[in-house]
Amino acid sequence: VFLVVSCPCALVLSIPLSFFSGIGNSSKHGILIKGSNYLEALKNVDTVVFDKTGTLTKGVFKVTKVSPVGISEKELIEYAAYAEVNSNHPIAKSIVNYYKESIDLEKITYFEEIAAHGIKVKYNDLHILAGNDKLMSSENILYFKTDDIGTVVYIAVNGAYRGYIVISDEIKEDSKEAIAKLKQIGIKQTVMLTGDNKKVADAVAGELKLDKVYSNLLPDEKVEKIEEIYKGRTEKQKVAFVGDGINDAPVLARADVGIAMGGLGSDAAIEAADVVIMNDEPSQIAKAIAISKKTSRIVWQNIIFALAVKVIVLAATAGGVSNMWEAVFADVGVALIAVLNAMRAM
């Protein structure tokens with residue numbers, strides 16, 4: 001009787017099955033979790049850090065203003081389009097789409113993309129710079145900083161400032177709901193890290209009611225900010241980072257749980273992430289955490305129920321009260337009940 005009761009079938013079957021059910025449930029909602037350890041880690045997340053472009057915003061940019069200096073508007077767009085045509089960045093694509101003319105790639109004899117700065121190209125013997133204020137400053141270009149709200153691309157040709165283009169991005173429809181849901185399920189802090197300018201970042205953070213926002217960040221500076229967030233935290237206080245770009249891969253790898261946007265996200269971000277949101281909806285993060293917490297509750301229910309019944313039957317056996325029928329229930333019966341309970345995670 002002791003041998004039959006002490007068989008660990010209930011635990012061995014139900015605990016992995018609970019996690020498999022939780023992962024399966026997540027998959028049905030378009031949330032791919034790469035392992036039960038990440039599903040378990042999600043329940044302890046108390047801080048969610050977001051990238052902005054493509055994560056909280058649509059990543060679909062439109063040119064909203066063209067401001068040339070010393071040249072025509074058409075020339076400014078032409079220079080910008082030739083500078084950006086070889087880049088995969090959503091901002092670059094929006095400028096190329098706005099140009100609408102055919103682009104002769106053979107006219108581009110040099111191309112260099114500088115992370116979080118912009119692009120250098122040589123086009124028809126013209127040295128063109130297209131990027132943010134950091135690029136203008138690093139190349140010692142005398143330019144006029146604009147206060148327009150949006151992503152600003154400054155253009156310089158042969159060392160002379162030639163104007164700027166403003167590109168605007170829209171906030172995703174469910175981003176506000178996503179932040180509200182995270183607060184409802186007990187997330188203590190929501191943070192946004194972005195390479196965009198402070199004005200745009202503050203406007204987005206204000207609309208979504210985020211707790212903290214850090215702007216004008218290079219990829220390595222995002223990792224530094226994550227390290228700052230980790231200071232003074234305990235082992236159980238987990239940090240999740242949500243991103244979609246190739247620049248987010250180091251931060252996704254560093255966070256306790258890296259979450260990537262699977263539709264718009266780059267291959268590098270998806271590879272580095274532990275969780276992938278297939279429909280790019282930030283509100284699914286709260287769903288993933290809720291599934292994780294439910295799965296954890298079911299796991300602990302099974303552990304406590306299985307051990308409690310076995311201890312009671314073992315004690316009764318020691319007192320000569322129970323026989324083999326009770327032992328069979330304590331083994332097979334408890335295992336079946338625990339397995340059925342585990343399937344509730346689905």
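How many bridges join S1 to strand S13, and do they run parallel or antiparallel? I looked this up in the predicted model. I found 3 bridges between S1 and S13 (residues 275–277), and the two strands run antiparallel. I noted Leu32 opposite Val276 in S13.

**Entry: the sheet**

I then traced the sheet to which this pair belongs. I read 7 strands in an open sheet, ordered S1-S13-S12-S11-S2-S9-S10, with mixed pairing. I looked for the edges and found strand S1 (31–33) and strand S10 (212–214), each of which pairs on one side only. I checked the twist as well: neighbouring strands are turned by 20° against each other on average, direction ignored.

**Entry: helices on the sheet**

I asked which strands helix H7 touches. Helix H7 (residues 175–184) packs on the sheet and touches strand S2 (45–51) and strand S9 (189–193). I noted about 145° between the direction of H7 and that of S9.

I did the same for helix H12 (residues 284–318). H12 lies across S1, S2, strand S11 (238–243), strand S12 (257–261) and S13. I recorded that H12 runs at about 50° to S1.

**Entry: H12 with H13**

I followed H12 to its packing with helix H13 (residues 324–342). I read an angle of about 170° and axes 10 Å apart. The cut-off for roughly antiparallel is over 145 degrees, so H12 is roughly antiparallel to H13.

I listed the contact residues next. On the H12 side I have Ile298, Gln301, Asn302, Phe305, Ala306, Val309, Lys310 and Val313. They meet Glu326, Ala327, Phe329, Ala330, Asp331, Val334, Ile337, Ala338, Asn341 and Ala342 in H13. I sorted this contact by class and got 12 nonpolar, 3 polar and 3 charged residues.

**Entry: H4 with H5**

I turned to another helix pair. Helix H4 (residues 73–84) and helix H5 (residues 90–99) pack at about 135°, and I noted their axes as 9 Å apart. I therefore entered H4 and H5 as oblique to each other. I found their crossing to be left-handed.

Which residues of H4 meet H5? I wrote down Glu73, Ile77, Glu78, Ala80, Ala81, Tyr82 and Glu84 in H4. Their partners in H5 are Ala92, Ile95, Val96, Tyr98 and Tyr99. I count 9 nonpolar, no polar and 3 charged residues in the contact of H4 with H5.

Conventions: Residues numbered from 1 in each chain as written. Predicted model: local features only at pLDDT ≥ 70, side-chain atom pairs only at ≥ 80, totals over all residues. Heavy atoms only, no water. Axes fitted to C-alpha atoms, helices over the stretch in contact; angles between N-to-C directions. Helix = DSSP H or I, 4+ residues; strand = E, 2+ residues; numbered from the N terminus. Parallel < 35°, antiparallel > 145°, perpendicular 65-115°, else oblique. Left-handed = near helix turned anticlockwise from the far one by under 90°. Contact = heavy atoms within 4.5 Å. Nonpolar A, V, L, I, M, F, W, Y, C, P; charged D, E, K, R; others polar. Pairing = 2+ DSSP bridges.
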